[in-house]
Amino acid sequence: MAYIQKGTKAFRNANLALFAGAFSTYANLYMTQPILPALSKQFGVSPTIASLSLSLTTLTLAIAMLLTGSLSEAWGRKPIMTFSMIAVGILSLAIGFAPNFESLLVLRVIQGVVFAGLPAIAMAYLAEEMEPSSLGAAMGLYISGNSIGGLSGRVIMGSMTDVFNWHIAMVSIGVVSILLAIAFYFLLPKSQHFIPQKLAFKPLFKSMMAHLKDRALLMLFALGFLLMGAFVTLYNYVGFQLIEPPYSLSQTVVGFIFLLYLVGTFSSTFMGKLADSHGRFSIILIAFSLMIAGALLTLNGWLIIKILGIALFTFGFFGGHSIASGWVGARATHDKAQASSLYLFFYYVGSSIGGTVGGLFFTGFGWSGVISMIMVFLLIGMLITIFLNRYTTN
């Protein structure tokens, strides 16, 4: 059974399918972030409570990802990924008709579980089915689907909410997601090199505990938690500030703030190369420093300075995340995929906790309170990095 090679029809179909899968997953995952002010206003809830529409979703995603990979070892890659995509689309349709905020939260929690079906398995599918010399290109296209999907979902939701309302925006994303799921099913080649195994959770648990006993890995997991916690907090609440005077920006313009994510496409590669040549320790400290500088710039009242601050903050985040996640793979001596899953678990838990707690600071102390919390996260991250350098080599 031949592997999928670059330049073949199977390669093109597989990449189109997984790009569509990644696009759909991350567009739906973050679709409530740009409309948090609208949800807060319509349902009469605080910014903190509104943020649960994202925080609870990423929390259940984090937990489900630890188990979904093992389920796919027994049930197969393509069936679980296809089911995940269809379920995500149907749930988005249902969320669009949610009669109250409680119903919306319940549906988002369920959605968080089914989200895990694609990111936990897609990379395993590529590693199994792609010819080694074609794997890098395929993985790059898949990851680009992640970032473009997350960005597009935010911009589409912000713009359509402004023109129509968030219900229509969410239903539209649900319809598109179901169409993408159908395309995914017909385009993705069947697994040829997958060997079904019995469900075995005991080895999985032992592997997790072994990684958690490694102090260096534990500190890297903490970095993922702190980086994402700070990042999501800033983007969760900046919209609340920008739609109010003196800025009074529209929901569409606030949605376009997420285009700043594009600087991360460059910084993750750029800072990763710097880490290769100058060492991870020094470059990740620079990444933290850039995030701190960017966060402080957002305290400036001038909109252009605030936007530049968000861009600098975003540049530092993607660089730091790229280095930390790569450091996990370099540090782990066994079960590297499990180590990466644990990093993502802490990463998404950081998103959930940071994104929610940040709302308490915003409600109590305004934007300066949000930045104060972010500063604490980043300074702790720098301190952990200094200790981390004692346990691992660059």
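Here is a friendly exchange about the helices, cores and loops of this predicted model.

Biologist: Let's start with helix 13 and helix 15. Are they parallel, perpendicular or oblique to each other?

Modeller: The axes of helix 13 (residues 262-278) and helix 15 (residues 303-331) come within 7 Å. They cross at roughly 50°, and angles from 65 to 115 degrees would be needed for roughly perpendicular, while those under 35 count as roughly parallel. Helix 13 and helix 15 are therefore oblique.

Biologist: Thanks! What is the handedness of that crossing, and how many charged residues does the contact have?

Modeller: Helix 13 passes helix 15 in a right-handed crossing. On the helix 13 side the contact includes V263, F266, F270 and M271, and on the helix 15 side it includes A311, F315, F318 and I323. Divided by class, the residues of this contact are 9 nonpolar and 6 polar, and the number of charged ones is none.

Biologist: Helix 13 has another partner, helix 14. At what angle do helix 13 and helix 14 pack?

Modeller: Helix 14 covers residues 280-297, and its axis is 7 Å from that of helix 13. M271, L274, A275 and H278 in helix 13 meet residues of helix 14 that include R280, I283, I286 and L290. The packing angle of the pair is about 145°.

Biologist: How does that contact divide by class, and how many charged residues are there?

Modeller: The contact of helix 13 with helix 14 has 7 nonpolar and 2 polar residues. Among the helix 14 residues taking part is R280, and Arg is in the charged class. The charged count for this contact is 1.

Biologist: Now to helix 11 and helix 14. Are these two roughly parallel or roughly antiparallel?

Modeller: The axes of helix 11 and helix 14 come within 12 Å and cross at roughly 25°. An angle under 35 degrees counts as roughly parallel. That makes helix 11, relative to helix 14, roughly parallel.

Biologist: Which residues of helix 14 meet helix 11?

Modeller: Helix 11 passes helix 14 in a left-handed crossing. The residues of this contact divide into 6 nonpolar, no polar and no charged. From helix 11 come L223, L227 and A230, and the helix 14 residues they meet are I284, F288 and M291.

Biologist: Which helix gives the most to the largest nonpolar core?

Modeller: The largest nonpolar core has 105 residues, and those with the most contacts inside it are Y235, F313, Y348 and I374. Nineteen is not a bad share for one element: 19 residues of this core come from the top contributor, helix 11 (residues 215-242).

Biologist: What does F313 touch beyond its sequence neighbours, and how many residues are in the other core?

Modeller: Not counting residues up to four places away in sequence, F313 touches A230, F231, L234, L290, M291, G294, A295, I374 and L378. Apart from the core of F313 lies another one, with I4, F11, L18 and A22 among its members. The size of that other core is 20 residues.

Biologist: A20 caught my eye. Is A20 buried or exposed, and what does A20 touch?

Modeller: A20 has its place in helix 1 (residues 9-29). Its relative accessible area is 10%, under the 20% cut-off, so A20 is buried. A20 and N146 are 126 residues apart in sequence and 9.3 Å apart in space, C-alpha to C-alpha. Leaving out residues up to four places away, A20 touches M85 and L180.

Biologist: And V175, how far is V175 from F221 in space?

Modeller: V175 is in helix 9 (residues 166-187), and at 41% relative accessibility V175 counts as partly exposed. In sequence, V175 and F221 are 46 residues apart. In space, C-alpha to C-alpha, the distance is 36 Å.

Biologist: Is S40 buried or exposed, and what is S40 in contact with?

Modeller: S40 lies in helix 2 (residues 36-43). With a relative accessible area of 12%, S40 is buried. Leaving aside neighbours within four places in sequence, S40 is in contact with V45, S46, P47, A50 and F240.

Biologist: Last one, on the loop between helix 11 and helix 12. What is phi of S248 near?

Modeller: This loop holds P246, and the peptide bond from P245 to P246 is cis, with omega near 10°. S248 lies in the loop too, and at 47% relative accessibility S248 counts as partly exposed. Phi of S248 is positive, in a residue other than glycine, with a value near 50°.

Conventions:
Residues numbered from 1 in each chain as written. Predicted model: local features only at pLDDT ≥ 70, side-chain atom pairs only at ≥ 80, totals over all residues. Heavy atoms only, no water. Axes fitted to C-alpha atoms, helices over the stretch in contact; angles between N-to-C directions. Helix = DSSP H or I, 4+ residues; strand = E, 2+ residues; numbered from the N terminus. Parallel < 35°, antiparallel > 145°, perpendicular 65-115°, else oblique. Left-handed = near helix turned anticlockwise from the far one by under 90°. Contact = heavy atoms within 4.5 Å. Core = buried A, V, L, I, M, F, W, Y, C linked by side-chain atoms within 4.5 Å. Buried < 20%, exposed > 50% of the residue type's maximum accessible area, 1.4 Å probe, protein only.
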